[in-house]
Amino acid sequence: MTRTLQLALATYRPRKAVPGQGLLDPSVTRMRVWPTDLDLYRHVNNGVYLQCMDVGRSNFLADLGSFTALNEKHWYPVVAAQTIKYRRSLTLGQRFELTTTVLGWDARVVYLEQSFSRNGEHVARGVVAGRFLGRGGERVAAPDVVALITGGTAESPALPDDVAAWARAVDVAAR
């Protein structure tokens, strides 16, 4: 429940835009492990990581100052596919950072990396294929979203090989 409330606040009362923040610049969200994040093994439940990633993506959009423009167009983000690899556990009371970075995009999908760290130590890495939908459920082309956010056209950086291979394996761009 804690992360659901945190996502609602991040989305409906977003933090202030970061001056000079660019689309390819990382966005950092600082969090703490709460009792409601834990599973029976007393570490953060795998599903909670995905909820934290939702919050991180909303904060990323807020840092760019893009909520107003997206709302005017009635565009909203959805996850098309995601994968996560865990390296270490997070436990009660620990503070951690979630860094969200755009890796690139294609005609339909924006690819993001979301990395969890604690005291500079890598904890987990998620890769998300996100797209935007319009009010009627229609798909919005990723380059159109990029143009709206950046105020012009931009060329996508080359995706890292592992992300490109994953995107092909799950066939996310074709959905």
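A residue is called buried when its relative accessible area is under 20%, exposed when that value is over 50%, and partly exposed in between. Keep that in mind for the legends below, which all show a predicted model.

**Figure 1. The whole chain, with 5 helices and 6 strands.**
Follow the sequence from start to end and the elements come in the order α-β-α-α-β-β-β-β-β-α-α. The radius of gyration is 16 Å, close to the 16 Å that the globule rule gives for 175 residues, so the chain is as compact as a globular protein of that length. Along its principal axes, the C-alpha trace spans about 45 × 35 × 30 Å. Of the 175 residues, 39% are buried. Now take the contacts between residues at least 6 apart in sequence: 75% of them join residues at least 24 apart.

**Figure 2. The outside of the chain, about 9,600 Å² of exposed area.**
Carbon and sulfur atoms supply 53% of that area. As for charge, there are 21 positive and 16 negative side chains. Mark the centre of each set and you'll find the two centres 6 Å apart.

**Figure 3. Helix 4, residues 142-150, and its buried residues.**
Look for Ala142, Val145, Val146 and Ile149, which are the buried ones here. Around the axis they cover an arc of only 100°, which puts them on the same side of helix 4. The general rule helps here: an α-helix has 3.6 residues a turn, so residues three or four places apart point the same way. And what covers these buried residues? The cover includes helix 2 (46-64) and strand 3 (95-105), along with strand 4 (110-118), strand 5 (121-133) and strand 6 (139-140). Just past the end of helix 4 sits Gly151, with a positive phi of about 80°.

**Figure 4. Helix 5, residues 161-170, with a buried side and exposed residues on the face turned away from it.**
On the buried side, pick out Val163, Ala164, Trp166 and Ala167. Seen down the helix axis, these residues fall within an arc of 160°, so they line one face of helix 5. They pack against four strands: strand 2, strand 3, strand 4 and strand 5. Swing round to the face turned away from the buried side and you meet Asp161, Arg168 and Ala169, which are exposed. Asp171 follows the helix, and its phi is positive, near 55°.

**Figure 5. Zooming in on Ala167, a residue of helix 5.**
Is Ala167 buried or exposed? Its relative accessibility is 8%, and the cut-off for buried is under 20%, so Ala167 counts as buried. Leaving out residues up to four places away in sequence, Ala167 touches Tyr111 and Val172. Val109 is 58 residues away along the chain, yet its C-alpha atom and that of Ala167 are separated by 9.7 Å.

**Figure 6. Ser58, a buried serine in helix 2.**
With a relative accessible area of 10%, Ser58 falls under the 20% limit and so is buried. Which residues does Ser58 touch, if you skip those up to four places away in sequence? They are Leu7, Ala10, Thr11 and Phe67.

**Figure 7. Pro77, a proline in strand 2, residues 76-86.**
Pro77 has a relative accessibility of 46%, which means it counts as partly exposed. Setting aside neighbours within four places in sequence, Pro77 is in contact with Leu61, Arg131 and Phe132. Compare its position with that of His43, 34 residues apart from it along the chain: the two C-alpha atoms are separated by 29 Å.

**Figure 8. Two loop residues, Arg42 and His74, with positive phi values.**
Neither Arg42 nor His74 is a glycine. Arg42 has a phi near 65° and sits in the loop between strand 1 (27-32) and helix 2. With a relative accessible area of 65%, Arg42 is exposed. His74 has a phi of about 65°, and you'll find it in the loop between helix 3 (67-73) and strand 2. His74 has a relative accessible area of 35%, so it is partly exposed.

Definitions and conventions: Residues numbered from 1 in each chain as written. Predicted model: local features only at pLDDT ≥ 70, side-chain atom pairs only at ≥ 80, totals over all residues. Heavy atoms only, no water. Buried < 20%, exposed > 50% of the residue type's maximum accessible area, 1.4 Å probe, protein only. Helix = DSSP H or I, 4+ residues; strand = E, 2+ residues; numbered from the N terminus. Arc of directions from axis to C-beta. Contact = heavy atoms within 4.5 Å. Rg over C-alpha atoms; globule rule 2.2 N^0.38 Å. Areas by Shrake-Rupley, 256 points an atom, 1.4 Å probe, with all protein chains shown as cover. Lys, Arg positive; Asp, Glu negative; His and termini not counted. Charge placed at Lys NZ, Arg CZ, Asp CG, Glu CD.
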